[in-house]
Number of protein chains: 2
Amino acid sequence: MSARMFGAPVQRTEDERLLTGRGAYLDDLGADAYAAVFVRSPHAHARVRDVDVTDALDVDGLIAVYTHEDLTGPMAEPLPLLLPHPCIVDGRTPHALAAGYVHHVGAPVAMVVARDRYLAEDAAERIAVDYEVLAPVVGIEAAVAAEHVVHAGMSDNVAAHLVQEVGDARAAIAAAPHRLELDLDIERSACTPMEGRGVYARWDEAGGSLRLYSSTQTASGVRAAVAAKLGLDVGRVEVVVPDVGGGFGVKIMHPWPEEVMVPWAARRLGHGVKWTEDRREHFIAAAHERGQRHTVRAGFDDEGRLLGLDVEILHDNGAYLPYGVIVPIVTSTQLLGPYKPGAYRVEFRSLYTTTVIVTPYRGAGRPQGVFAMERTMDAIADRLGRDRAEVREVNLIRPDEMPYDQGLLFQDGRPLVYDSGDYPRTLRMVKELIGWEGFAAERERARAEGRRIGIGLACYVEGTGPGPYEGGHVQVGTDGRVRVATGLTSQGQGHHTILAQIVADELGVAMSDVEVTTGDTRRMPYSVGTFASRGAVMSGSAVALAARKVREKALRVAADALEADPGDLEIAGGRVHVRGVPGAGMDLGTVAVLSNPLRYAFDEASRAATQFARPADHAAPPVPEGDAPGLEGTDFHSPLRSTFANGAHAVVVETDPETAEITILRYCVVHDCGRLVNPLIVEGQIHGGVAQGVAGALYERMAYDADGQLLNASFMDFLVPYASEIPPIRIAHLETPSPLNPLGVKGAGEAGVIPGAAVIASAIEDAEGFPVRSMPISPSDLFGLRRRFAAGEIPPLRRAERARGRRANETGEPDV
Amino acid sequence: MSARMFGAPVQRTEDERLLTGRGAYLDDLGADAYAAVFVRSPHAHARVRDVDVTDALDVDGLIAVYTHEDLTGPMAEPLPLLLPHPCIVDGRTPHALAAGYVHHVGAPVAMVVARDRYLAEDAAERIAVDYEVLAPVVGIEAAVAAEHVVHAGMSDNVAAHLVQEVGDARAAIAAAPHRLELDLDIERSACTPMEGRGVYARWDEAGGSLRLYSSTQTASGVRAAVAAKLGLDVGRVEVVVPDVGGGFGVKIMHPWPEEVMVPWAARRLGHGVKWTEDRREHFIAAAHERGQRHTVRAGFDDEGRLLGLDVEILHDNGAYLPYGVIVPIVTSTQLLGPYKPGAYRVEFRSLYTTTVIVTPYRGAGRPQGVFAMERTMDAIADRLGRDRAEVREVNLIRPDEMPYDQGLLFQDGRPLVYDSGDYPRTLRMVKELIGWEGFAAERERARAEGRRIGIGLACYVEGTGPGPYEGGHVQVGTDGRVRVATGLTSQGQGHHTILAQIVADELGVAMSDVEVTTGDTRRMPYSVGTFASRGAVMSGSAVALAARKVREKALRVAADALEADPGDLEIAGGRVHVRGVPGAGMDLGTVAVLSNPLRYAFDEASRAATQFARPADHAAPPVPEGDAPGLEGTDFHSPLRSTFANGAHAVVVETDPETAEITILRYCVVHDCGRLVNPLIVEGQIHGGVAQGVAGALYERMAYDADGQLLNASFMDFLVPYASEIPPIRIAHLETPSPLNPLGVKGAGEAGVIPGAAVIASAIEDAEGFPVRSMPISPSDLFGLRRRFAAGEIPPLRRAERARGRRANETGEPDV
């Protein structure tokens, strides 16, 4: 038998190609396509009085200029809501091109198509748009105040509103021995993948069909949306996703205005059209996330056990609501983490602002939720003078309580039921890994040396791999090679490697004989997409199920040909073997040939005879009922519910007493994503996630001015950390298999980023002795906090006071 | 409910497009492809000493010249046997390009590729091939004599040899009261479709895949064969069959040398390459059929009942045996027609000759078999002085004997068991239609006017719709339109119409909402092909089965959405209706959208509420086990055995006493192909078949000289009849449903041609009074027969003598 690939730390098969520059990204395609460029709004809020294209028409090589006036039918209507959730109060979505108004800087007003990009940019610059500037609405406070409204016809800026409640949280808090209230903020950031968005479309007039390439995270979603916009049957749209240089969530969103305009123009012009986003466009015209304010009220007992939790969330949704509402939905349901909250009430309002839209960014609302919950845990510990880990421990759901029903409805519309996990063990492991117990002494030693160090801790639970489904198709070729297709797309996560590992094991072939295709609707038309850490759970399970079907058929066909019992056969090394009969068997390629009775079958035994007898076995048709020709199988994984991964991060930071520089000394991760398909890849995902978590905690933020201009819309100003800013990361795995899928796996793609802000805030608090309630935090921010702390505007942590031998005073958070 | 389309005489939906010149045939594709031309042998048999391409290299625009020397691996090996039947003694197949020898005029020796066809032809003319001419072997006699052998290493020219025997036929004949022996010949003819062969290939370097367009009758067969030759997995070859201007059998054959050379060159050159056959090439380098000699010995009783039948067949197979062996296999098994032969022995030898290869031509060996059997019936009647119809009647299988097992193995390797039919009724109907009973008087009246008229009769049984399988895929689009795909190809038969009729009924949609694709391996990779009157039986059944799956799913999904019982729903006019609730229901397009749970589902009832309850019905996954997203279904029809259609033709001819011109006065057809999907199309098929039958009986033949040169290789010399030569045809249908498929249908595509030679020979005999034992028969032939008859070299028919009041003399066929 072949060595088992599942669980092995296999090097990514994608890497040789991608790292040697042989990837084919969107902009590598369509060399002969026309180039599209968009004229975008320079204002956050304005009425478009006129678009004058006269000057542009002089540009030699101009093919077309389009404005909203040119669009008819579904193209002239607003883009669809991506998530038509019941909580939506007034769901505004953008038009493909501005229809009278613009609601954020960067909104597309006109589209220019020219022979090449240079000409298109030249022509775009000559288009004069006459704007009547309207009042901007920037930030949550302005949105709540509603002095100005973003959308005409609305009396406020509330896009969506949801309350979920389990028990009577407010009563429970009121009756609790202890109470606290915290205001917690996370600022806006963004995915900033290496490759921005891009769309390339070709129209096949003869076939009446569209081929669309998009740098997207969801081929099938783009397909359905573009088909609807163009009035085409879904079957007439092929979406092929080439190599994608990162997504992190921003490419889940669809259809983008550009994503419908480019194919629409390609069809209209009868010529390939391509648009490749530039970096500034990505900053101002793609999507952001994270901007959220949380008011937490908690009631708890003397041990720190939560009795009631009441959370109100205000979410900055940006200008339109195609999809951003998913973010506070996730926050409000995932905030609970591994804890039992007692009675729980959560309410959110998603607010329109005149800034670019919000869509999920890796972690998708969870970093905010974990920040809120873990700040709360730290505050409880501080209030009670208890160890922070201890307070968490008393609140943890125990393994014997699994599956645990939080009583809420999750983002997928299904019950929020944790399927498995050993949260106390996760916590114990991370404490051990970081050296929690001995840290007080370490901190004191450092302090004695004039250094400030602090330790932080954060736990999380992550609902991963939601449905509705994902499909797998596995086919053994007549050459014995195995082609695997799944519909979700890859942005560099290593799907091709892990899916090959899974199929290699299930079928008994070498990984090198497995070829994986993702995100190509020609190969797998039914799919949902790559988000919510779905890859391994959904497509991994689907290809495993499909491979099992193929294996079963291979054994059946081979058994028939070898006149053996299928139970006596096994497949290894791409060959069906007869157990106990060395040399007997056949290659899978031969089985594939035999699986398709392309021609009449004649009795081999009578081949030599001129007078041949009639074979006796003609009672069965060549393709038995319910069977099909070919050695291939399709299956779908459609789980009852999401599966819940969990983990804990711990970090030790040092803050410079003078410069307020924040340095991460140790970063430890305990991670439980069920069974590990490939530890190398999971660890890679964790590394990347932690890097983005650190980035979000310390560096990255969107700096809007009051007019809604993004002041740092470039990589010169938006501080993506270098590798040098990212600490070494120690990782330990725990594997509590999921009972919800055939592989026992859980999602791992987003986890690393989730506790970043929470754990670093926790450590900075510990180092500084005063609470940190807003992230990200830069040295300037910390410097400012220190000043306010020194001025008495911020109370000290009680434990910091205690550590200094003073009794707690009344400047801490009062019981509310 | 919609009117039922099955059985309705619906106009062909293909016709508007095809008859207004909007078809896209092979040569309409690939305008930018390089053109390929083949240098062909001018000799029937020669050794290729040298191919000198020097002069050709000077042609500006020449891209490449290839000879056998350039081919390696599988390309250098002989092409495969298409039918590796046990009866094959020595199966010789051609090389893609001549490998040292040529065995017929027209064999490809070199391939020239140039920028366009003109240049390619110019270059081809400059290629000098040095041949050492070898002895030709032309015709069956030369092949049997084996003075020269076609293939080196063989001691004779026997390609295949098969004996099948049920009982002891020779003993039965010897013991019979009466015996006769007949030598019966049919000459070679050919399909001569309007469009010849053609191949256009493009190689996709990035995808490592081939797109192949071929004017073929079997997309999947071409795909498998070309993949094998090019060393590609089948999955890397897409075969798309465009509109095809007729096939009639010649395009079943694959791979043709040109069909592997063109894609091989396209891959090698990285450029599209196209070859379009010209008419002369089609005559000398495609394929012929029909050439067969039959020696029949029969023993019978006083009523004409067969007691034993012994048939020896010599078949002219042409130069190679990829596929021609199917012809005598069919003849030897289908010769029995609707009759019980008593003990039966049939033996054939398929012989190599230095002429172009034989492949099945519409009827595929049956016209020869029916000619042999029906000549025998007429001879028995004549011998006994009995009515020709009466002798047939006593030999017919009765309906109460169905299913009737002839005890042989059919062409598909499965038992020759007739499934259903009412042969006596078929015969009675055709006698009535032609006016059999009153004809003696009519003939006498004509004779009195100095005119010679005769009546003829011929019955046949046709095994149709053999397996192994054919597939159907039916998908309801989100636009409510229904896409149907089946793998077999169309050459103008009206498949798109009848498949749409079938699916429209099964699904409850309008025919105009059904789009059918045939012969595209991208849409249906598994298929067998269009031959053996398989279209309606195999693909019709397959799409019906697939449509039933889709209907069932549509009802299930709609029932779920409408909260109704599936049993209360019906589909009509493309809409699911709730019985008894007018207006309730939904369009199939909506059902298609609902069938794909692309996104999370939220409880509609809670949409208005901010505090929403958890729906109770989350016990099932979005895609239930065993289900799949989408409103589509695939199924395969794989019958146990072929289904047997039957029919009888009767004809009245007039022969000019002086010029020997033969005129058909009346042509009547009774045809039973089970349930009729579309009488218009079936009658169109019969009309076309009868036209080809008349052509084969009276006009078309291949005139080879002794050197193996085809003397009439053009439409100036090969007499395809005009419409003016084809008589009006009266048709009556009988419908005995087949129990072997869900529609009860039998094949109808070839039937019209099958009894052509037999029935016309029968009528000419009747008019002339002497036997006709060889077809076709031209006025010159008849003139010659009359001379020989007058010279006493041919005996008169006994009934002719009787009619003249003379008693039978001993010059008739002796009892043997």
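**Entry 1. The two chains**

I looked up which residue of chain B comes closest to the rotation axis, and found Arg522(B), whose C-alpha lies at 4.4 Å. I note at the outset that the model is predicted. Two copies of a chain are related by a rotation about an axis and a shift along it. I then recorded the superposition: a turn of 180 degrees and a shift of 0.1 Å along the axis lay chain B on chain A with an RMSD of 0.1 Å. This is the relation of a two-fold axis. Next I turned to the interface. Of the interface residues of chain B, 98% are also interface residues in chain A, so the copies meet through the same surface.

**Entry 2. Strand β15 of chain B**

I asked myself whether strand β15 (residues 343–352) of chain B is enclosed or open. Nine of its 10 residues are buried, so the strand is largely enclosed by the rest of the structure. A residue counts as buried here if 20 or more other C-beta atoms lie within 10 Å of its own.

I then looked up the partners of this strand. Strands of a sheet pair through backbone hydrogen bonds, either parallel or antiparallel. Strand β7 (residues 158–166) of chain B pairs with β15(B) in the antiparallel sense, over eight bridges. Strand β14 (residues 306–318) of chain B runs parallel to β15(B), and 10 bridges join the two. I noted Tyr344(B) of β15(B) in both pairings: Val166(B) has Tyr344(B) as its bridge partner, and Leu309(B) stands opposite Tyr344(B). From β14(B) the chain crosses through helix α8 (residues 326–334) of chain B to β15(B), and this β-α-β crossover is right-handed.

**Entry 3. Helices α8 and α9 of chain B**

I followed α8(B) to a helix that it meets. Two packed helices are described by the angle between their axes and the distance between the axes. The axes of α8(B) and helix α9 (residues 366–384) of chain B come within 8 Å and cross at roughly 35 degrees. The crossing of α8(B) and α9(B) is right-handed. On the side of α8(B), Val330(B), Thr331(B) and Gln334(B) make the contact; on the side of α9(B), Arg366(B), Gln368(B) and Gly369(B) do so.

**Entry 4. Strand β11 of chain A**

I looked at the two faces of β11(A). In a regular strand the side chains alternate between the two faces of the sheet. Which residues of β11(A) form the covered face? Val237(A) and Val239(A) do, whereas Glu238(A) and Val240(A) form the uncovered face. Strand β10 (residues 209–214) of chain A pairs with β11(A) in the parallel sense over four bridges. In this pairing, Leu210(A) stands opposite Val237(A). The route from β10(A) to β11(A) passes through helix α5 (residues 219–230) of chain A as a right-handed β-α-β crossover.

**Entry 5. A sheet in chain B**

I traced an open sheet of four strands in chain B, in the order β18-β26-β27-β28, with mixed pairing. The edges are β18 (452–464) and β28 (729–733) of chain B; each has a single partner strand, so one side of each is left without a neighbour in the sheet. With direction ignored, neighbouring strands of this sheet are turned by 15 degrees against each other on average. Within the sheet, β26(B) and β27(B) run antiparallel and are joined by 10 bridges. His649(B) has Val669(B) in β27(B) as its bridge partner. I also found helix α17 (residues 756–768) of chain B lying across β18, β26 and β27 of chain B, at about 160 degrees to β18(B).

**Entry 6. Backbone details in the loops**

I checked the peptide bonds and found a cis bond from His254(A) to Pro255(A), with omega near -15 degrees. Pro255(A) sits in the loop between β11 (237–240) and α6 (257–269) of chain A. In chain B, a cis peptide bond joins His254(B) and Pro255(B), with omega about -15 degrees. The loop between β11 (237–240) and α6 (257–269) of chain B holds Pro255(B).

I also looked up positive phi values in residues other than glycine. Thr192(A) has a phi near 40 degrees and belongs to the loop between β8 (178–186) and β9 (198–204) of chain A. Is Thr192(A) buried or exposed? Thr192(A) counts as buried, because it has 21 C-beta neighbours inside 10 Å. Ala660(B) has a positive phi of about 65 degrees, and its place is the loop between β26 (643–655) and β27 (662–672) of chain B. With 20 C-beta neighbours inside 10 Å, Ala660(B) counts as buried.

Terms used:
Residues numbered from 1 in each chain as written. Chains lettered and ligands numbered in written order. Predicted model: local features only at pLDDT ≥ 70, side-chain atom pairs only at ≥ 80, totals over all residues. Buried ≥ 20, exposed ≤ 12 C-beta atoms within 10 Å, placed from the backbone. Pairing = 2+ DSSP bridges. Right-handed = clockwise from strand over helix to strand, strands pointing away. Least-squares fit on C-alpha atoms with pLDDT ≥ 70 in both. Contact = placed C-beta atoms within 7 Å. Axes fitted to C-alpha atoms, helices over the stretch in contact; angles between N-to-C directions. Left-handed = near helix turned anticlockwise from the far one by under 90°.
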